[in-house]
Amino acid sequence: MRFLSPGEPVPAEPSALEQRCRELEQRCHELEAKARSLDALSRLASSLLHLQTDVDDILWDVANGTVAHLGLEDCVIYLLDEERQHLIQRAAYGPKNPGAREILDPIRIPVGKGIVGTVAVTGRPELIADTRHDPRYIRDDQMRLSELAVPLFFREEVIGVLDSEHSREGFFTEEHLHLLTSIASMTASRISRALLDEQLQDVRRRTDSIIESALDAIITVDGKGRIIGFNRAAQTIFRCEPPAALLKPLSVFLPGYDVSHPPSGLLELTGIRAGGSRFPVEASVSHVPGRHEVLTTLILRDISERLRAQRQIEELNQGLEARISERTRELSQANEQSERLLLNVLPPPIAERLKRGEQTIAERFEDVTVLFADLVGFSRWAAPIAPEEVVEVLGHVFTVFDTLTERHGLEKIKTIGDAYMVVAGVPTPREDHREAMARMALDMLEAVARLKEAGMVLDVRVGMHSGPVVAGIIGTRKFAYDLWGDTVNMASRLESHGLSGRIQVSEPTYLALRERFDFEPRGEVDIKSIGPVRTWWLTGERSSR
């Protein structure tokens, strides 16, 4: 073994050991800093446990405590306004506001603007090492070189931002971020609790005010059936002051209410006033779970006057219902009669449109068939005959024609003296209007032939033509559904220029029906106001019918 000579220097320790010592020292410093941070966070959390109920008091305590315990230069807390459009400065502690809990001119930051506004939008914290290189930085007084902003969350929604700035570049670390995030979480929780407490107190005040000023009596009963609430209206109907009612059994006032099996809903009970008089009560009963027991609320109303009025109304109703029933029958009969009268003069679809309130009804139909039938020589025959007999004969003939009209699905337009007018394809269009009218005309001749066999002295002359018409309602008091147009004029002329017992049709009608019906040519006929027209006699329907 070699010994050091006097004055010889001691050789250096191994570098690995020195490195290990430095690492342990660094770790020790980190743990001490961590312990200080946790201690600061613990002290700040303890300060938040105080039962402040004012939101601003909570925010000022947080801002003050954050600066005091974490060694920051400042702390500013913003909350979103009701419209969630701006962040409003609610608390600020630091050089700008070192002591007083008052902000004379609060800062308003639009959501999305600046570093704080960005955090409100994204919900993510922002750690800015050098604000000189971040265009979002908003300078309000003196320039600060670093900034840390973290969001305040309530029910997964941003409600504000906690912000701190520092004059030294790169001051804020991940440890600061962790601490301020924890502080923001505790702050948001405490704010939400305070807001809920404020809302609860407000609801309680409003509820008490409503109950006290309610027109109906309101009684609150505990789980043992004792009265613990007795409003002003209850005092009135039971004629009893609250001191005499509170903590008394509910049975004193409502003996019929079973508190051992309390019902709910709407009940009719008998109430007893302080003097012993009884009166009918309507009670609406509800049950609300309390902290230790179920509370029952009864909303009560004295229904003495209502029951008396009901009895009077029932007596009046007995006579009134009989009168209404009789009047209803009369109106129903009158309505049915009006309906029948309306349908006698108008087609059902047109009558329905009138009843719906249509004022003007006029339509153009492009292809219909119009028929005129005239009783030949009827005027000469009727001249010496009594009017009653004339009307009876006409009524009999036209009733037969009406039956045929209904059978063929046609629409009777009107009778003019001893002439009868009918149309096919109006007001409901139909493709077979010519065929239907041809069969109608042939059946009219057969019907008149049978009437002649029965002893009536009469004959019929028929004309029919197809084409466009205008149909509509005329008149405002006596309604009439009528047709206009050249088609109507032509059908009328064909009838008046025809022969007794024959059906005269125009050439277009003949051409449309000649494959299914039999015709005889008549030749040219000089029609008044129209000129020469080739016409045909309709003689029958072919056997393929």
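Contact here means heavy atoms within 4.5 Å. Keep that cut-off in mind for the helices that meet the first sheet. The model is predicted.

Start with the six-stranded sheet. This sheet is open, and its pairing is antiparallel. Its strands follow the order β3-β2-β1-β6-β5-β4. At the edges stand β3, residues 108-110, and β4, residues 126-128. Each of these two pairs on one side only. From one strand to the next, the twist averages 25°.

Now look at one pair inside this sheet. Strand β1 covers residues 75-80, and strand β2 covers residues 86-93. Six bridges link the two in the antiparallel sense. One residue to find is L79, whose bridge partner in β2 is I88.

Two helices meet this sheet. Helix α2, residues 55-70, packs on the sheet and touches β1, β2 and β6, the last spanning 157-166. The direction of α2 makes about 55° with that of β2. Helix α3 takes up residues 114-122. It lies across β1, β2, β3, β4, β5 and β6. Its course runs at about 30° to β5, which spans 146-154.

Move on to the five-stranded sheet. This one is open, with antiparallel pairing, and its order reads β8-β7-β11-β10-β9. The edge strands are β8, at 227-230, and β9, at 265-272. Each has a partner on one side only. The twist here averages 30° from one strand to the next.

End at the β8 edge. Strand β7, residues 217-221, runs antiparallel to β8, and three bridges join them. Within this pairing, T220 stands opposite G229 of β8.

Terms used. Residues are numbered from 1 along each chain as its sequence is written. This is a predicted model: local features need pLDDT of at least 70, side-chain atom pairs count only at pLDDT 80 or more; totals for chains, interfaces and linings use all residues. Side-chain values use heavy atoms; hydrogens and water are left out. Two strands pair if DSSP finds at least two bridges between them. Helices (H or I, at least four residues) and strands (E, at least two) are DSSP runs, numbered from the N terminus. Axes are lines fitted to C-alpha atoms, for helices over the stretch in contact, and angles run from 0 to 180 degrees between N-to-C directions.
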